[in-house]
Every structure is written in structure tokens, then in C-alpha cells.
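Hi,

Here's the structure I said I'd pass along. Have a look at it first, and my notes follow underneath.

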Amino acid sequence: MNRLANIAAHGRERIEAWRRSSDDVVLHRSYFYRTRHVSGVPVVVTIYDLIAELFPDERVNSPGVVEARARSIEMADHVLAISETTRRDAIRHYGIDPARITTTPLASGLAIRGSAAGGDRRSTTVLYVGKRDGYKNFDALVDAVGDPAVPPDINLVAYGGGRLTKAEQRRLAEKGLAGRVTHIEPDPAQLDRLYRTAMAYVCPSKYEGFGLPVVEAMERACPVIVADAGALPEVADGAALSFDPDDPAQLTKHIVDLHEQPELRHQLSVAGEQQSSFFSWTRTAETTMAGYRAALEMGS
């Protein structure tokens, strides 16, 4: 396969023309791409997570996504999954033949600005990134930081995910955190700086199909704490502290330990930066190409 093109952006006629000129044509489509099947052209689809299927009571996707995903998986010659966790979940939920699905791990796209700031971090900031509702389990982090065992100089920064709602502000006040939580609007340069200076990045989510902020944080030598759920343990792979997402007390202990033990912060900084090196866009491209080749072999 010596040429890649975004043929999902082209019509049936263009796809047919490419097919006549080469045997190595794959249609890598989205769930909602409705171009009819072209004879001899295998179809590939990527699954990022099964959150909507596993958390049906939460409105995490637009209406029709689950149906479109199921339809795309059924018609695909080969399926790509962004983590082993997502791959296993897809096999179990949709009954996909394991030979028909390839894992293609992601990598950080956040621009690197200088060298990582590891070592003895003196910041007392706990960093949270992204949306905060439902399965994201932000409440568990609030409970953990609001625990009386957590020193009062520890503050929480919530990056992105929209401004704090009135309900969130009330809950923070109830936990005694009204003056210790700051929301920051999305800005890549600011996020880079936060990763480099925070005492820890925490991902308390009850499920992630990958968990890209974990890689972003580790890449910048930021100590990481993750929930033992979804793909988070897979991505961290022992280079982070972990906790039961339903037990904020475990998270509280990890936060206190990081605050009191500079050697633990340093250990996690080094381990995390090393772990992040396993994720690169080169690896993503190579595994994606392996999936394309598998699709071509199945379609031959």
C-alpha cells in the first residue's frame, strides 16, 4: 500500500476510479458516512469507546450514534480500536471476531514546549482536565480534595469542560472548597504549563476508551493518579497511582502521599515520562496500516 488518501471525503465515483487503478484501496469511514459499498473495496471503521453502550442512562452522544456504530461495525471488513480495552469491550458487546479487529493506540497531539519539568515539584495544584459530568466522576475528586485529611494548601484546577455550574459551585462550597477550585478555559499553552507544574494530574473517570490526557501529563513528567477503570490502567501501565473510582478515600490518600513525599512525586515523574514514550503517531500509523492490510487480506 503506497498511497493514502482521505477517500471518505470523496464520492462513489472517485472511489471506483481509485479501485480500477490499484488493488490497495481501503475505505476508512465514519459511522455516518453513507456512500454505498464499492465492489472490491474493503471497509474499515474505528471505535473510540463504548461509553454510550456501557452507560445507556447518560447522554454522551448524539441520538443515533449507537445505531450508526452498530451498523458500521456490521458492514466493516475490519475494525480498529484505540485501546486493548476498547477492543475487548467491542468483541464482547458486538460479538466481533477477534481476527477482525486491530488495536491502534493514540498519541499526544499537544505541542511540546521545552523539556519536561520533572523532579521535586513544589506546586500544590491537583489538575483535572475535560468534562465533569456523569461517568467522568468529577464528584469523586471533589470529595477526595474536600476530605479534612487533605492539607488546606492543596488547590484544584479544572481545565476545560465548561464553566463551573451553580450546582457545582454549591457543592464545592459545601465541601469547603469554594476558594480552592479554579476553572480555566481551554488554551493549549496554558494546559502545557499546568501539566509541567502541577503536583498531580487526576483522572477519576469510570470509563475511558483511551485517556489521552494521561499520556499528555506523563509526557511532561507530571505525576498521574488514575481510576482503576476502562483503559486508564492500560495506558498508565503501572506508571501511575490508581484507585477504586467508587472510593474517594483511596484518592485522598494518594493526594496526601504525593503532597508529603517528594520522592514519590519524582518516582512517578520519571516512570510516567518513560511510559509516555510508548505512544507515538508513528506507532499509530503503523498499527493502522496493519489494520488496512488485514482488511485487504480479508477482502481478497
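First off, how many of the 300 residues of the protein chain count as buried, as a percentage? The figure is 50%. Keep in mind that this is a predicted model.

Some overall numbers to get you oriented. The protein chain has 12 helices and 10 strands. Its accessible surface comes to about 14300 Å², and carbon and sulfur atoms account for 50% of that. If you take contacts between residues at least 6 apart in sequence, 69% of them join residues at least 24 apart.

Now the sheet I spent some time on. It's an open one with 4 strands in the order β1-β2-β3-β4, paired in parallel. β1 (27-29) and β4 (101-103) are at the edges with a single partner strand each, so one side of each has no neighbour in the sheet. From one strand to the next, the twist averages 25°. As a reminder, strands in a sheet pair through backbone hydrogen bonds, in either a parallel or an antiparallel way. Here, β2 (residues 43-47) pairs with β3 over 4 bridges, in the parallel sense, and Ile47 has Ala81 in β3 as its bridge partner.

Two helices to look at against that sheet: α3 (residues 65-75) packs on it and touches β1, β2 and β3, with its direction at about 140° to that of β2. α4 also packs on the sheet, touching β2, β3 and β4, and its direction makes about 160° with that of β4.

Between β3 (78-81) and α4 (84-94) there's a loop, and Ser83 sits in it. Is Ser83 buried or exposed? Its relative accessibility is 0%, which is why it counts as buried. A polar atom of the Ser83 side chain lies 3.0 Å from the backbone nitrogen of Thr86. Setting aside neighbours within four places in sequence, Ser83 is in contact with Thr103, Gly209, Phe210, Ala231 and Glu234.

Last one: helix α5 (residues 138-145). This helix is mostly covered, with 6 of its 8 residues buried. Those are Phe138, Ala140, Leu141, Val142, Ala144 and Val145. What do the buried residues of α5 pack against? Their partners are the strands β5 (125-129), β6 (155-159) and β8 (200-203), plus the helices α6 (166-174) and α10 (248-260).

That's what I have for now.

Cheers

Terms used:
Residues numbered from 1 in each chain as written. Predicted model: local features only at pLDDT ≥ 70, side-chain atom pairs only at ≥ 80, totals over all residues. Heavy atoms only, no water. Buried < 20%, exposed > 50% of the residue type's maximum accessible area, 1.4 Å probe, protein only. Polar contact = N/O pair within 3.5 Å; in protein donor to acceptor, adjacent residues only side chain to side chain. Contact = heavy atoms within 4.5 Å. Areas by Shrake-Rupley, 256 points an atom, 1.4 Å probe, with all protein chains shown as cover. Pairing = 2+ DSSP bridges. Axes fitted to C-alpha atoms, helices over the stretch in contact; angles between N-to-C directions.
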